[in-house]
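Subject: Structure handover

Hello,

Here is the structure I said I would pass on. My notes on what was found in it come after.

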Amino acid sequence: VSGGRVELGMGGGWFKEEFEEFGYGFPPIKERLDQLEEGLQVMRSLLREPVTNFRGKHYVLEGAVCSPRPVNPRLRIWVGGRGEKRTPPLAAKYADGFNVPYLSPQVYRERIETLERYCEKDGRNPAEVARTINLGFYMGADEKAAARNAKALEKFDEVRRTGMLSGTPQQVVDRLGEYERAGAQGVNIAFRAPIDWDAFEAFIETALPAFHKPGSGPGY
C-alpha cells in the first residue's frame, strides 16, 4: 500500500489501559523490555531472513516464514522510549532508528551520547542509527495565542513539559534548532485534539522552511 515507505516502530509500551482493553496484561517494565529485546530479534529475522528459528523466554519460533515479503528488502526498524538504561543499548544493537519522546534538548543529548557509546561497544558505526525526537505541540500563531496554549502544559509533569513545543513560531524554530544541535535528525510531532489550526498553519509556513530542504529526505 505504501510502496515500500513503511517503517516499523517498537517499544516497551506504556499505556496500561490499552493493554488491559485487549487482554494482554501489563507486566512490569523490566519484563516488557525483556519482551522487546526478544521481539526485536524475532522481527529483524522475520523481515530479513527466509526462515526464522528462535527460542527465548517469551517467544519461540520454529521454521517461521514471513510471506509476502516487504517491498523494501531492508524494512527499517525503530526503537522508541525515554529510558536511559535499556532503550539506548537495544537501539544500538538492533535498530535502524532511535526515537525519544518528550525530553528537553539537554536530556535528549544525553540519550544520544549513551546510544553512541553502546554502538561503539558493539562495534557499530553510530551513524547507522537515525535519531529523532517526539514532541507535543502547543505553539501559538502569535504571542496571545501562545500564552493561551501554554496553559495546557500545566497538566504535564515538569520533565514531560520540557518536551513540548510552545511559544511563538520563532520560539519554536529556535527550540527545534536546539534539538538539531543536540543530535536530532528529525522530529515527530504529536498534534492532539483540539488542534489550533492557526498555529498548525503557522508551523508549516515558519518552521518547516527553516529546517526541511526539498530533496533532503524526511527530516522535520
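I start with the largest pocket. It is lined by 48 residues, and Met10, Gly11, Gly12, Gly80 and Gly81 are the ones nearest its centre. Its volume is about 1,300 Å³. Please keep in mind throughout that this is a predicted model.

Several elements contribute to that lining. At least two residues each come from strand S1 (8-10), helix H2 (29-48), strand S4 (77-80), strand S5 (97-101), strand S6 (130-139) and strand S8 (186-190). The helix H2 gives the most, with 8 residues.

The overall picture

The protein has 8 helices and 8 strands. Its C-alpha atoms fill a box of roughly 60 × 40 × 40 Å along the principal axes. There are 220 residues, and 41% of them count as buried. Among contacts with a separation of 6 or more, 62% are between residues 24 or more positions apart.

The accessible surface is about 12,900 Å², and carbon and sulfur atoms account for 52% of that area. As for charge, the protein has 31 positive and 31 negative side chains, with the centres of the two sets 4 Å apart.

Helix H3

Helix H3 covers residues 87-94, and 7 of its 8 residues are buried, so the helix is largely enclosed by the rest of the structure. The buried ones are Thr87, Pro88, Pro89, Leu90, Ala91, Ala92 and Tyr94. What do these buried residues of H3 pack against? Their partners are H2, S4, S5 and helix H4 (105-121). Of these, H2, S4 and S5 also supply residues to the lining of the largest pocket.

Tyr94, one of the buried residues of H3, can also be used to place helix H7. Glu180 is in H7, which spans residues 169-182. Glu180 and Tyr94 are 86 residues apart along the chain, and their C-alpha atoms are separated by 24 Å.

Helix H7

Two residues of this helix can be set side by side. Is Val172 buried or exposed? Val172 is buried, because its relative accessible area is 1% and the limit for buried is under 20%. Glu180 has a relative accessible area of 42%, so it counts as partly exposed, between that limit and the 50% above which a residue is exposed.

Val172 lies in H7, and its C-alpha atom is separated by 7.2 Å from that of Met139, although the two are 33 residues apart along the chain. Leaving aside neighbours within four places in sequence, Val172 is in contact with Met139, Leu165, Ser166, Gly167 and Phe203.

Helices H5 and H8

Met139 also appears in the surroundings of Asn149, a residue of helix H5 (residues 143-150). Beyond the neighbours within four places in sequence, Asn149 is in contact with Tyr138, Met139, Gly140 and Asp196. With a relative accessible area of 14%, Asn149 is buried.

Ile204 is in helix H8 (residues 197-211). Its relative accessible area is 35%, which makes Ile204 partly exposed. Ile204 and Phe137 are 67 residues apart in sequence, and the distance between their C-alpha atoms is 13 Å.

Backbone details in the loops

Three places in the backbone deserve a note.

- The peptide bond from Ser67 to Pro68 is cis, with omega near 5 degrees. Pro68 is in the loop between strand S3 (60-64) and S4.
- The peptide bond from Ala193 to Pro194 is also cis, with omega near -5 degrees. Pro194 is in the loop between S8 and H8.
- Tyr102 is a residue other than glycine with a positive phi, near 55 degrees. Tyr102 is in the loop between S5 and H4, and it counts as buried at 7% relative accessibility.

If you are opening the model for the first time, the pocket is one place to begin, with Met10, Gly11, Gly12, Gly80 and Gly81 nearest its centre. From there you can go to H2, which gives 8 residues to the lining, and then to H3, whose buried residues pack against H2 among others.

Regards

Note on methods:
Residues numbered from 1 in each chain as written. Predicted model: local features only at pLDDT ≥ 70, side-chain atom pairs only at ≥ 80, totals over all residues. Heavy atoms only, no water. Helix = DSSP H or I, 4+ residues; strand = E, 2+ residues; numbered from the N terminus. Buried < 20%, exposed > 50% of the residue type's maximum accessible area, 1.4 Å probe, protein only. Contact = heavy atoms within 4.5 Å. Areas by Shrake-Rupley, 256 points an atom, 1.4 Å probe, with all protein chains shown as cover. Lys, Arg positive; Asp, Glu negative; His and termini not counted. Charge placed at Lys NZ, Arg CZ, Asp CG, Glu CD. 1 Å grid on protein atoms, 1.4 Å probe; cavity = no way out; pocket = protein on both sides within 12 Å on 5 of 7 lines; lining within 4 Å. Points joined across faces, edges and corners; volume = space filled by probe spheres on them.
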